[in-house]
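Visitor: I should like to go through this protein model with you, from its interior to its aromatic rings. Please begin with the packing around a single side chain.

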Amino acid sequence: MKNKSMAIVFGVFVAILVAFAPFSIWQIWLGDSLFDSIFVPSLSELPVVRAGRTMPVSSASADILKSISGKATAKTSQGKISATKWLWTINSLPEKSADEKFFRTDNRELQTLLKANGRNYSYNSFADNYQKLLRDSEGNSHYARACNSAINSGFEYATSCSTFGVRFDGEKYSKQSIDKWNLAVKNASDEFKNAQIEKREPNHSKLVPANVYLGALRRMAEIEDDNTSVRVVPLADGKFESVVSAMLDRKLPGQSERILKLYAQIRDAIADDNQVKARKFLVDLNRELRNVDSINFFKIKFENIVNALDPFFCGFILYGLSMLSLAMSAIWRKRKESFVAIAFVLLGVAVVEHCFGITARMYIQMRPPVTNLYSSVVFAGLCSALLGLVLFVRRKVVSFAFASSITGFLSLLVAMNLPYSGDTMGMMRAVLNSNFWLTIHVVTIMVGYCGLFLAGFMAWLRLVANVFSRENFGRLTSDTANGVYAVLCFALVFSFAGTMLGGIWADMSWGRFWGWDPKENGALMVVLWIAGTIHAKTLHLCSDRIFLAMAVLGNVVGAWAWFGVNLMGVGLHSYGFVDGGWLWFFAFVISQLLICPLCLYKYSEKNGAK
């Protein structure tokens, strides 16, 4: 009992350490308080708009950085920096930043062309080879698609460099550029008025500066129109404008103009490495922004704190440690009870972290928990992990806890490595813009899918454990089969209900209940497979071991219905399509198929302990 209590205390200590690790690392060691702090006003919590959603700078910058590099942090010649600091740096020091290798490509031919360091290349390399990239982007080859991706990343980077300020050629400071632009426009306007009064042709020499600056701003605006630029200047009607659009807006409200200039002054102070000045301008900017009624500052700050805590990454680590502890319990039999206790604590905290992450997304987005492929993965993982944890508490079967850890771990691993498709809490497609149907159809069917995968991994673990067992595993196999049967019954109810509700939604949206769409066929196959597996056991058509193998095959059916049809890119459910991922999809399928023959393994005295 004493050892178990000590194990629980140790598990709590490790869980707390992991839960606050990302937060502590950036707030205390790696982060810069001007850019990343959540304790004092910082540049990370300023409100901006990207892809139609109001968010903190920390979210927008991470979104941009992930789109060009696949990561939410940047590695520079000076070391690793946060996404917020990266965005302000490329704005403040564009020439220096253009030589940093922020961009990533996995195409070998493109890596050679752009003189990449491994997979990473710089903006200057892109700019030097732009014309060739443009020519090579035609077609549908892997190389052509890689060139298109590089072009899109290059333009997004170029747009991002003017997020907080515009600097004209020959000028050192953004604030100076704003002043010269305003002066040039005033001089041009005065010249036109004087020419009209004096009935003469305008003096073109007095119009040249305004025309030069106008041409530069219009070229920037054209690039912005083709990219999802970050808008930082709030207007009186609640909308936001980009810096370029605000400078072109000659009817810009006085408060918006002051905010525009303060952003430019912060950018200039960072360029001069003067943090004292930057903080002063930040205080002034926050004071101006607080007078904008349309901004929900509590939600902005809350999202910034969630970004710092990174609950999904913490949950991912905790699930992994829980799996490791459970594995140690099987290897180190004398300390089994202690390792299981540690694993239980880690798994419980992982589920709490996972749940907090999803709840936070729901509050920020004001939507149900499932709105896109990313959220469906993390939600199903949570449901599976929670259900497995409940079963473990009720039945004290270690394999249930192991299955719970695996499903939670894999769901967050898949979510973190999904092909980048923009802000995971972005604007909804019109066909999905219904909280009612997102709740009763999507959530319902995802709960069914989570039951299918949990049952599959419970069966998977039992079949593998049988091979290594030196005792008669008949009773354990029977107990696991009964648990899997109960979970599959649960999965069948929700999968069937979710599929029928999806048909009703399809009838309301597309005018037909069922159209044999690949996604619909996948959902039907899940229902039929679960029903067939349940009937095989109920009618005693197979042994418990064969039943467990059928449950493992359910993972393949579920993966195809969930991800396979999205990879095909066929059907009406285009909002779920993703590019790439076939290799990992088939790797998962093969791994499950390789487990199924283990159902033929029987216990015998020859294999058991002598």
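Visitor: Leaving aside neighbours within four places in sequence, which residues are in contact with V484?

Guide: The model is a predicted one, in which local features need pLDDT of at least 70 and side-chain atom pairs count only at pLDDT 80 or more, while totals for chains, interfaces and linings use all residues. Residues are numbered from 1 along each chain as its sequence is written, and side-chain values use heavy atoms, with hydrogens and water left out. Contact means heavy atoms within 4.5 Å. Once the neighbours within four places are set aside, the residues touching V484 are A455, M458, A459, F547, L548 and A551.

Visitor: Which helix gives the most residues to the largest nonpolar core?

Guide: A nonpolar core is a set of buried Ala, Val, Leu, Ile, Met, Phe, Trp, Tyr and Cys residues joined through side-chain atoms within 4.5 Å; buried means under 20% relative accessible area, exposed over 50%, and partly exposed in between (1.4 Å probe, protein chains only). The largest core has 83 residues, of which M446, V484, L488 and W562 touch the most other members. Helices (H or I, at least four residues) and strands (E, at least two) are DSSP runs, numbered from the N terminus. With 16 residues, the main contributor to this core is helix α21 (residues 435–468).

Visitor: How many residues does the second, separate core hold?

Guide: Among the members of this other core are I64, L133, F164 and F168. Its residue count is 75.

Visitor: Which residue in β2 stands opposite V49?

Guide: V49 belongs to strand β1 (residues 47–50), where P47 and V49 point one way, V48 and R50 the other, and all are buried. Strands β1 and β2 (residues 53–56) pair in the antiparallel sense over 4 bridges, where pairing requires that DSSP finds at least two bridges between the strands. The two form a hairpin with 2 residues between them, and A51 in the turn has a positive phi of about 55°. Opposite V49 stands T54.

Visitor: Which elements help to cover the buried residues of α11?

Guide: Helix α11 (residues 174–197) has 24 residues and reaches 35 Å from its first C-alpha to its last, close to the 34 Å expected at 1.5 Å a residue; the expected span is 1.5 Å times one less than the number of residues. Its buried residues are S174, S177, I178, W181, A184, A188, E191 and A195. Their cover includes α12 (208–225), α13 (243–248) and α14 (254–271).

Visitor: How many disulfides does a search of the whole structure find?

Guide: A disulfide is here a pair of cysteine sulfur atoms within 2.5 Å. The sulfur of C542 has its closest cysteine sulfur in C599, 9.4 Å away, which is too far for a bond. For the whole structure, the number found is 0.

Visitor: Why is the ring pair of F103 and Y121 stacked, and how far apart in sequence are the parts that it ties together?

Guide: Rings of Phe, Tyr and Trp (its six-membered ring) pair if their centres lie within 6.5 Å, and planes under 30 degrees apart count as stacked, over 60 as edge-to-face and the rest as tilted. The structure holds 24 aromatic pairs. In this one the centres are 5.3 Å apart and the planes at 20°, so F103 and Y121 are stacked. F103 lies in strand β5 (residues 103–104) and Y121 in strand β6 (residues 120–121), so the parts tied together are 18 residues apart in sequence.
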